[in-house]
Amino acid sequence: MAGTGVIDASLKIVCAEGREEVPEHGRLLVEPEKCTGCRTCELFCSLKNFGEVNPARARIHVVRSQKDNIITTVPVVCQQCEDPLCMAMCPAGALSRNQETYAVVVDHDACLGCRTCVQVCPFGAPSVDPRTGKSEKCDLCDGDPTCVKFCSQEAIKFVAAEEESMTRKRDMVDTYLEHLRAASARGTV
Amino acid sequence: MSYLYGGKILRVDLTSGDVQIVPTERYATKYVGARGTNARLLYEAVDGTTDPLGPENIVTFGTGPLTGTTFPGCSRTDVMCKSPVTSLIGDCSFGGDWSAELKNAGWDHVVLEGRSPHPVYVYIRNDRVEIRDAGPYWGLPNYEAQAAIRADLNNPNYKIVSIGPGGENQVTFASIHSNIGNSGSRTGIGAVMGSKNCKAIVVRGTKGVAVADPEAFLEACAEAHLHIRGTEAYAEYHEIGLLADELAYVRCGIECGGDAHDTAPSFDDKFDYSAFWKRYGYKRTGCTGCPVHCMEAYNVPGVGATIISCELYPQLGAELRNYDERFWYQMVMQCHKQGLDNTSVATILQWLMTLWELGIIDESITGGYRMEWGNREAIEGIFWDIVHRRGFGDNLAQGMKAAADYMDAKVPLEKRGGKSTYYHAMQVNNNPMYGIVGRFHGQALAYSVGRRSDLISDLDMSEFLIVSAPVYPIWDEATKQAYTESEQAEGLRLGGTPEAADPEGYKGKAALVHDMGMTIGLPDTVGTCKWHTKFLYMYIDAPHYAKALSAGLGRKVEPEELVTASLRMRNLERALECKMGRRRENDTIPEKEFDKKVAHGYWKGKLGTSREGLERMKSEYYLIRGWDLATGIPYKETLQEYGLEDVAQDLASLDMLPERSESETAAAMKDPSLAHILMDEEERRARGAAKSEAAEDVEKRAPEVEKAASA
């Protein structure tokens, strides 16, 4: 059955079909075309990281566009850049690389809440927490991202950094083949 | 802030512009939330004399303790008012993203009272509440109005529930609509909002929902998510929604539009929903926090984009013998935009087409439209006349009874075959029925005793599965057999007799209908989606809710408490409905439907509900519920049992409170055919609260079934 899994005591989903073990130095791979916009990732992110359910504080946001009533949803989350602008530009030096998880993390004591990171990030991925006024961004849940576990569409995956681009390529080929099959069934190819 | 709850109920008096804040606690301790608290708020506000479209009616929007949390299906809002369709309780619920936003703003309920002198909308941003001018948006269809409000507020994060021109014009069966495709359609909530001159409620919330024990809560929610994702039903709905279900219902004759289709050519497979989905669907979508994604997003070139699910497929299409898929799609979209209940529109059109076929009405009545089956011009013309209340459309907009009175005055009695045109109307207490026929016994009972004169909330899904399994499109023989057997076991377990699961039987059906009503009451009070329960075979049940509530609230919540709250709510609703005039004789299906056989599909020429059969099922049902057999009013003892002493007093002061008569119960107990339902109350509760054995069976058998399928 698609999407099944069991949880062990530490709440890790294990033996979910097609899902690898939690990789070291993994990255979040977002595939917007699979996202349905249910925002389950936002809800669980905030619960895990803040102990309350509050999408406004979540470190991942599903941005929704519905121009002409056509719905497009894109999960926006930190890409953990190799050469992060936020880290370079932070006047307080509050951002640093966690060498264990390779995530860029915020030192909340040092953070000024100046919003520079929000402004310089090419994706607008960091947010300012409406409660504390400090910067908030994805820290990959210390190497075991919660959002990934609850995305029933597998629109967010946690993959080994060196496999990321190949995973995306393979997925795109699958999508392409699916379209091709559909088109041939319709007789348009 | 209290855990899981926003803690506050917002009461907006649109007449004076005053806003009042009431602590949720006052209601939630006893009624949990959402539909439960709504029922109490409504009980306090209206009675038999209230004019549904007058300023004294209220509309109450309610979320529950699990709304806006990580619990799956956390996206429901229950909406109640006195219905302009039935003059009884009006109730519907909608999903999408509005409910969670309201909770995040710190509010559990919003109650609209009075009537604004001019069009307004209610603006809520966290603690800030304003009544704002809606002049610029009045007259705009739902999609356009919501887009315009968001654009003017310069923030796409506002979540909006609004009414369209149908609601503004107080078409009695007008709906409310949130974002794209999330409607609260039944019983005319939109008309009541329109009567209050309230175009919309616009919400933005950033306060979040507090949780007592985040770790335990996350675990409880994770368990529920994975439970759902492990069911067979999920695997199907996640991929193709209810497309297979709808086709199965057509094939087995459930979805035949009742009487109207007795003369129709078979339309099995004439309208292939799956092909439409493959051709025009671009995305699966769903509500906030739900893993199922049961809705289909379509973009049809030249017509536009919208979202469709479930019952919307057959109603304006095959049921009207309208097989033009693009036209059908356009009509569904217009129902969303103009804010009319798709079901009511379809059933009313079907009624007119039946009358036309019988030669009872002609163009002089319909304003020139030829009501021939599938006639595009007539369907469109009548629709727009209803929206704008022009000519005959104005009569139809007032509901089936009013329209029947109008036609009866115009058409001589002999032309009507000595009967009122109302005789041909598929309605229960004036509420247009779904296309689902009452010829299946369990469905006939669900229509009759259903809480809003509608079967959907008390549906006997067990019967649904048994009758549709033989023709289910995507199952192999082994799966069909497995499902039939598991539902037969469920019928035996709940009804105490194999007859309960036999479509030809009457005995024990009441227990199945009662159990479904009780089960649905659980998500309805905690504010989540009923589809995740056994209603759509995903089997989330009282223990799941109790576990999440215990962790979230920081105090032990027993599953039994929730079951009791569900039963308490239903008894409160019933007491209010009885105050509004509902009695045993109102619990029925249309007279002409009795003893009619199924006209199409797998069950053709079979079944049919007899009057005696229905009365018998009703007696069983009342006995289980603790309602008076003669009147259908809850007994004094029943109300007391659920802590509704004040309601009992209220009914007593109106001289309508029955007391349980020992001789009556004893007589019923002596009747051996009723003995099976008179089981110990405790046993019944435990049974309701325990995880369904059938659910476990299905799960256990899943690998076998899969193996068989692949072999």
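Me: How is burial defined, and what conventions apply to this model?

Reply: Buried means under 20% relative accessible area, exposed over 50%, and partly exposed in between, with a 1.4 Å probe and protein chains only. This is a predicted model, in which local features need pLDDT of at least 70 and side-chain atom pairs count only at pLDDT 80 or more, while totals for chains, interfaces and linings use all residues. Residues are numbered from 1 along each chain as its sequence is written, chains are lettered from A and ligands numbered from 1 in the order in which they are written, and side-chain values use heavy atoms, with hydrogens and water left out.

Me: How many residues of strand 6 of chain B are buried?

Reply: Helices (H or I, at least four residues) and strands (E, at least two) are DSSP runs, numbered from the N terminus. In strand 6 of chain B, residues 109–113, 5 of 5 residues are buried. Both faces are covered: His109(B), Val111(B) and Glu113(B) lie on one side, with Val110(B) and Leu112(B) on the other.

Me: Which strands pair with strand 6 of chain B, and in what sense?

Reply: Two strands pair if DSSP finds at least two bridges between them. Strand 1 of chain B (residues 8–13) pairs with strand 6 of chain B in the parallel sense, over 5 bridges, and Ile9(B) stands opposite His109(B). Strand 3 of chain B (residues 59–62) runs antiparallel to strand 6 of chain B and is joined to it by 4 bridges; here Thr60(B) stands opposite Val111(B).

Me: What is the strand order of the sheet in chain B, and what lies across it?

Reply: The sheet is open, with 6 strands in the order 2-1-6-3-4-5 and mixed pairing. Its edge strands, strand 2 (18–23) and strand 5 (89–94) of chain B, each pair on one side only. For angles, axes are lines fitted to C-alpha atoms, for helices over the stretch in contact, and values run from 0 to 180 degrees between N-to-C directions. The twist averages 15 degrees from one strand to the next. Helix 2 of chain B (residues 34–45) lies across strands 1, 3, 4 (77–82), 5 and 6 of chain B, at about 20 degrees to strand 4 of chain B.

Me: How is the packing of two helices described?

Reply: Two packed helices are described by the angle between their axes and the distance between the axes. Angles under 35 degrees count as roughly parallel, over 145 as roughly antiparallel, 65 to 115 as roughly perpendicular and the rest as oblique. The axes of helix 9 (residues 243–252) and helix 10 (residues 273–280) of chain B come within 9 Å and cross at roughly 155 degrees, so these two helices are roughly antiparallel. Contact means heavy atoms within 4.5 Å. Leu243(B), Glu246(B), Leu247(B) and Val250(B) of helix 9 of chain B make the contact with Tyr273(B), Ser274(B) and Trp277(B) of helix 10 of chain B. The contact residues comprise 5 nonpolar, 1 polar and 1 charged, where Ala, Val, Leu, Ile, Met, Phe, Trp, Tyr, Cys and Pro count as nonpolar, Asp, Glu, Lys and Arg as charged, and the others, Gly among them, as polar.

Me: At what angle do helix 10 and helix 12 of chain B cross?

Reply: Helix 10 of chain B and helix 12 of chain B (residues 325–338) cross at roughly 80 degrees, with axes that come within 12 Å. They are therefore roughly perpendicular. Phe276(B), Arg279(B) and Tyr280(B) of helix 10 of chain B meet Glu325(B), Arg326(B), Trp328(B) and Tyr329(B) of helix 12 of chain B. This contact divides into 4 nonpolar, no polar and 3 charged residues.

Me: How many disulfides are counted, and why is Cys35(A) not in one?

Reply: A disulfide is a covalent bond between the sulfur atoms of two cysteines. The criterion applied is a pair of cysteine sulfur atoms within 2.5 Å, and the count is 0 over all chains. Cys35(A) forms none because the closest cysteine sulfur, in Cys41(A), is 6.6 Å from its own, too far for a bond. Cys35(A) is buried, with a relative accessible area of 7%. For Cys114(A), the closest cysteine sulfur is that of Cys90(A), 6.0 Å away and likewise too far for a bond; Cys114(A) is partly exposed, at 36% relative accessible area.
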